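Hello,

Here is the structure I promised to pass on to you. Have a look at it first, and then read on for what I found in it.

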Amino acid sequence: MSTASVSKLLAKGSLEALSVLVTRPEYKQANLCHKLLELKAIPLQLPTIGIIPVTEGTVDFGRLKQTILDLDLFDIIICVSGNAARLAGELIDQYWPQLPIRLKWYAIGHSTANILSEYDIEARVASDANDSEALLSLLIAEQIDAKKVLIFKGRAGRTLLTEKLTLRGANVSEAVLYNRVIPVYTDHNIEKSLYNTGLSAILVTSGEALQNLTTIAQGSRQQFDLASLHATDLIVPSTRVAQIAAAQGYHQITVAAAADDESMLAALLSVKGLEADDEKT
């Protein structure tokens with residue numbers, strides 16, 4: 001969303017005084033919260049995923065380092081998230097002064113590809129959607145039989161790519177760059193953030209973030225009733241996440257075009273009867 005579009009919406013009053021829950025990991029919240037403030041909304045920050053990188057001295061670092069050193073043994077590299085792109089880029093910068101030239105890079109989503117570009121890595125992205133399914137369709141169109149594929153990811157993420165590419169004859173390895181954890185909040189913080197703020201909308205960018213939100217929202221003794229959350233406008237990044245939300249009991253679900261900040265905001269604006277100027281035809 002352009003600065004001009006934000007300014008014009010701001011003149012209309014747009015999202016004034018609406019409380020919007022932002023569930024992105026803490027380090028990824030600043031830009032989205034800033035744009036919400038520009039639109040006069042009240043961003044409520046409640047990260048539902050904590051990211052802990054695999055670093056030197058941790059038990060898994062030796063294996064990860066060796067994988068980075070063996071980068072030139074692979075044909076295809078896939079980054080599944082912005083976290084994976086950032087952490088992989090930092091390690092590759094450290095151990096590879098010059099990238100192996102024959103590698104083919106792929107990324108889930110343009111934001112992930114943009115992060116890789118900061119490390120002079122050009123990655124292909126599926127044009128129709130920003131999820132594993134879309135990237136899988138792009139990869140299957142290539143000749144991947146007997147290719148050596150490396151997937152940069154977090155621990156316990158989705159296994160769809162590994163499973164499907166293996167079935168197609170690829171030799172797939174995974175490199176775990178970070179661990180995901182559910183942040184711990186006091187019951188007071190949960191009640192204040194989710195139930196006592198007149199919440200107007202919830203922005204969730206992955207199925208895991210949504211599932212963690214449900215765990216957090218129940219409280220330490222599962223004492224909180226989720227009915228008010230289920231009735232709140234929920235913005236999700238894909239049909240898959242929408243299906244998870246519906247199964248959990250949400251019934252005001254809107255699917256954004258993608259998980260990036262601009263797409264999530266555009267969906268939120270449409271729900272509230274507004275439209276960014278650069279989204280109009």
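With 281 residues, a compact globule would have a radius of gyration near 19 Å, and the protein has 20 Å, which agrees. Please keep in mind that this is a predicted model. Along its principal axes, the C-alpha trace spans about 55 × 50 × 35 Å. You will find twelve helices and eleven strands in the protein.

A few overall figures may help you get your bearings. Of the 281 residues, 49% are buried. If you take the contacts between residues at least 6 apart in sequence, 68% of them join residues at least 24 apart. The protein exposes about 13,700 Å², and carbon and sulfur atoms supply 49% of that area. As for charge, there are 25 positive and 32 negative side chains, and the centres of the two sets lie 2 Å apart.

Now to two of the helices, beginning with helix 3, which runs over residues 61-69. Which of its residues are buried? They are Phe 61, Leu 64, Thr 67 and Ile 68. These residues cover an arc of only 125 degrees around the axis, which puts them on the same side of helix 3. The spacing fits a general rule: an α-helix has 3.6 residues a turn, so residues three or four places apart point the same way. The cover over the buried residues of helix 3 includes helix 4 (82-95), strand 7 (148-154) and strand 8 (171-181).

Helix 5 (110-117) can be read in a similar way. Its buried residues are Thr 112, Ala 113, Ile 115 and Leu 116. They cover an arc of only 155 degrees around the axis, and so they sit on the same side of helix 5. What lies over them includes strand 4 (76-79), helix 4, strand 5 (104-107) and strand 6. Helix 4 is thus part of the cover for the buried residues of helix 3 and for those of helix 5.

Some single residues are worth a look too. Is Asn 212, in helix 9 (residues 207-217), buried or exposed? Asn 212 has a relative accessible area of 9%, so it is buried. Leaving aside neighbours within four places in sequence, Asn 212 is in contact with Thr 48, Ile 49 and Ile 182.

Glu 56 sits in the loop between strand 3 (50-53) and helix 3. Its relative accessibility is 66%, so Glu 56 counts as exposed. Between Glu 56 and Asn 179 there are 14 Å in space, C-alpha to C-alpha, while the two are 123 residues apart in sequence.

Finally, two loop residues caught my eye for their backbone angles. Most residues other than glycine have a negative phi. Ala 17, however, has a phi near 70 degrees, a positive value. Ala 17 lies in the loop between helix 1 (3-12) and strand 1 (19-22), and at 52% relative accessibility it counts as exposed. Asp 120 also has a positive phi, near 60 degrees. You can find Asp 120 in the loop between helix 5 and strand 6 (123-125), where its relative accessibility of 72% makes it count as exposed.

Enjoy exploring it, and write back with any questions.

Best wishes

Notes:
Residues are numbered from 1 along each chain as its sequence is written. This is a predicted model: local features need pLDDT of at least 70, side-chain atom pairs count only at pLDDT 80 or more; totals for chains, interfaces and linings use all residues. Side-chain values use heavy atoms; hydrogens and water are left out. Helices (H or I, at least four residues) and strands (E, at least two) are DSSP runs, numbered from the N terminus. The radius of gyration is taken over C-alpha atoms; the globule rule is 2.2 Å times the number of residues to the power 0.38. Buried means under 20% relative accessible area, exposed over 50%, partly exposed in between (1.4 Å probe, protein chains only). Contact means heavy atoms within 4.5 Å. Accessible areas come from the Shrake-Rupley method with a 1.4 Å probe; for residues, only the protein chains shown count as cover. Lys and Arg count as positive and Asp and Glu as negative; His and the chain ends are not counted. The place of a charge is taken as NZ of Lys, CZ of Arg, CG of Asp or CD of Glu. The arc is that of the directions from the helix axis to the C-beta atoms.
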